[in-house]
Amino acid sequence: YNNNDYYQKLLKYSQEVKCPSSIQIDLDLRRTFPNEEQVMDVKFQQSLKNVLLCYSTRNSSVGYCQGMNFVVSRLLLIMGNEEQTFWLFYQIMEKILSIIYYSELVGIVVETTIIENLISFYFPKLREYFIDNNFNVPLRNFIHKWMVCLFTQTLKIEMAYSFLDFFFLDGCISLVKNSLFIFASLQEEILSKDSFEEIYNR
């Protein structure tokens with residue numbers, strides 16, 4: 001990223017010309033890891049907002065999608081610098097993910113469907129359990145949430161960072177691999193649960 005002052009110019013522009021996503025971003029800021037003191041810090045919240053506004057301004061065809069706030073928050077905690085965080089998020093959005101990933105959530109739906117099909121293939125008992133208990137729709141929604149936030153919202157912070165490492169190494173295929181890893185690790189425990197709420201809270 002050799003564009004000198006690009007981020008600062010983008011930030012200035014996003015503040016002068018009201019970004020269409022600004023209202024939703026403001027709403028989501030306080031919902032982003034509300035139990036984490038560092039994330040709730042006023043300066044951190046402003047930096048998080050700046051990065052999200054700048055990217056949604058840069059890529060107006062995608063704009064802002066709920067879930068990006070969790071991804072950027074985790075990146076910002078590691079980088080400690082909002083401009084570097086912006087460029088790292090840019091790499092995710094425009095170099096690693098498909099151009100249609102967040103565009104109307106097409107890529108997310110595709111990844112979710114692939115994972116569901118692979119669960120049927122590799123874990124037939126698990127798939128039968130989901131069908132017998134009418135868990136199909138909740139399961140799809142659960143996987144969908146993983147894909148939207150790239151696991152950053154739903155996993156403990158240490159594991160979320162490990163999964164992000166795999167994501168940077170292997171790209172989108174890691175989203176599938178990580179999902180299957182979770183189901184493989186928790187299969188027996190999932191099969192012992194009586195409700196989807198118990199699975200979700202696990």
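A residue counts as buried when its relative accessible area is under 20%, and as exposed when that value is over 50%. Keep that in mind as we look at helix α10 in this predicted model.

Helix α10 covers residues 157-170, which makes 14 residues. From its first C-alpha to its last it reaches 20 Å, close to the 20 Å expected at 1.5 Å a residue. Right after α10 comes G171, with a positive phi near 75°.

So which residues of α10 are buried? They are A160, Y161, F163, L164 and F167. Look down the axis of α10 and these buried residues fall within an arc of 160°, so they line one face of the helix. Turned away from that buried side is a face with the exposed residues E158 and L169.

What do the buried residues of α10 pack against? Here are the partners:

| Helix packed against the buried residues of α10 | Residues |
|---|---|
| α5 | 68-79 |
| α6 | 82-96 |
| α11 | 173-191 |

Let's take a look at α5. Two packed helices are described by the angle between their axes and the distance between the axes. The axes of α5 and α10 come within 11 Å and cross at roughly 95°. Since angles of 65 to 115 degrees count as roughly perpendicular, α5 is roughly perpendicular to α10.

On the α5 side of this contact you'll find R74, L75, L77 and I78, and they meet I157, Y161, L164 and F168 in α10. Sorted by type, the residues of this contact come out as seven nonpolar, no polar and one charged.

Notes: Residues are numbered from 1 along each chain as its sequence is written. This is a predicted model: local features need pLDDT of at least 70, side-chain atom pairs count only at pLDDT 80 or more; totals for chains, interfaces and linings use all residues. Side-chain values use heavy atoms; hydrogens and water are left out. Helices (H or I, at least four residues) and strands (E, at least two) are DSSP runs, numbered from the N terminus. The expected span of a helix is 1.5 Å times one less than its number of residues. Buried means under 20% relative accessible area, exposed over 50%, partly exposed in between (1.4 Å probe, protein chains only). The arc is that of the directions from the helix axis to the C-beta atoms. Contact means heavy atoms within 4.5 Å. Axes are lines fitted to C-alpha atoms, for helices over the stretch in contact, and angles run from 0 to 180 degrees between N-to-C directions. Angles under 35 degrees count as roughly parallel, over 145 as roughly antiparallel, 65 to 115 as roughly perpendicular and the rest as oblique. Ala, Val, Leu, Ile, Met, Phe, Trp, Tyr, Cys and Pro count as nonpolar, Asp, Glu, Lys and Arg as charged, and the others, Gly among them, as polar.
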